[in-house]
Amino acid sequence: MLKFRTRQGYIAYQCTASETTLLGGIGVCDDCGEFSETGFLVPVLNHYMCPRCFEDWQNRGHYYPEDIPIEQRRAAYYESIIPMEEEI
């Protein structure tokens, strides 16, 4: 799992479907419902997204500072469960 910041400034992780199983997922995009072998975990939304849906969200999403505490709690949880690689 690789951690990075979205264009809006939120934390996101590039990960695989198998990594999502550690969180109880199965690699299905929470937006379109399609299986995606690789995708993105977005703590502020608590979503796994395929690359297409993630790109769509980046183009229309907005940053809300009041979301930071929720994002930080979820990010800490994700990082406690899924092994991290170096940040990109």
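The sulfur of Cys32 lies 3.8 Å from the closest cysteine sulfur, that of Cys29, which is too far for a bond. A disulfide is here a pair of cysteine sulfur atoms within 2.5 Å, and by this rule the count comes to zero disulfides. In general terms, a disulfide is a covalent bond between the sulfur atoms of two cysteines. Cys50 is likewise in no disulfide, the nearest cysteine sulfur being that of Cys53, 3.6 Å away. As for their surroundings, Cys32 is partly exposed, with a relative accessible area of 27%, whereas Cys50 counts as buried at 7%. The classes are set as follows: buried means under 20% relative accessible area, exposed over 50%, and partly exposed in between, with a 1.4 Å probe and protein chains only.

A few words on the model help in reading these values. This is a predicted model, in which local features need pLDDT of at least 70 and side-chain atom pairs count only at pLDDT 80 or more, while totals for chains, interfaces and linings use all residues. Residues are numbered from 1 along each chain as its sequence is written, and side-chain values use heavy atoms, with hydrogens and water left out.

Next comes the overall fold. The chain has three helices and four strands, arranged along the sequence in the pattern β-β-α-β-β-α-α. These elements are DSSP runs numbered from the N terminus, with helices being H or I of at least four residues and strands being E of at least two. With 88 residues, a compact globule would have a radius of gyration near 12 Å, and the chain agrees with this at 12 Å. That radius is taken over C-alpha atoms, and the globule rule is 2.2 Å times the number of residues to the power 0.38. Along the principal axes, the C-alpha atoms fill a box of roughly 30 × 25 × 20 Å.

Of the 88 residues, 40% count as buried. The chain exposes about 5,100 Å², and carbon and sulfur atoms supply 52% of this area; accessible areas come from the Shrake-Rupley method with a 1.4 Å probe, and for residues only the protein chains shown count as cover. Among contacts with a separation of 6 or more, 54% are between residues 24 or more positions apart, a contact being heavy atoms within 4.5 Å. The charged side chains number 7 positive and 14 negative, and the centres of the two sets lie 6 Å apart. Lys and Arg count as positive and Asp and Glu as negative, while His and the chain ends are not counted; each charge is placed at NZ of Lys, CZ of Arg, CG of Asp or CD of Glu.

Turning to individual loops, the one between strand 3 and strand 4 holds Val44. Val44 is buried, with a relative accessible area of 12%. Not counting residues up to four places away in sequence, Val44 touches Tyr10, Trp57, Asp67, Glu71 and Arg74. The C-alpha atoms of Val44 and Pro69, 25 residues apart along the chain, are separated by 9.1 Å. Asn46 is also found in the loop between strand 3 (38-42) and strand 4 (47-49). Although not a glycine, Asn46 has a positive phi of about 55 degrees, and this residue is partly exposed, with a relative accessible area of 44%.

Asp67, a contact of Val44, sits in the loop between helix 2 (51-60) and helix 3 (68-81). Leaving aside neighbours within four places in sequence, Asp67 is in contact with Tyr10 and Val44. Its C-alpha atom is 6.7 Å from that of Val44, with the two residues 23 apart along the chain. Asp67 is partly exposed, at a relative accessible area of 22%.

The loop between helix 1 (17-20) and strand 3 contains Glu37, and Phe35 is found there too. Glu37 is partly exposed, with a relative accessible area of 47%. Beyond four places in sequence, Glu37 touches Cys15, Thr16, Ala17 and Tyr48, while Phe35 touches Ala17, Ile26, Gly27 and Val28. The C-alpha atoms of Phe35 and Ala17, 18 residues apart along the chain, are separated by 8.2 Å. Glu37 and Glu85 are 48 residues apart in sequence and 18 Å apart in space, C-alpha to C-alpha.
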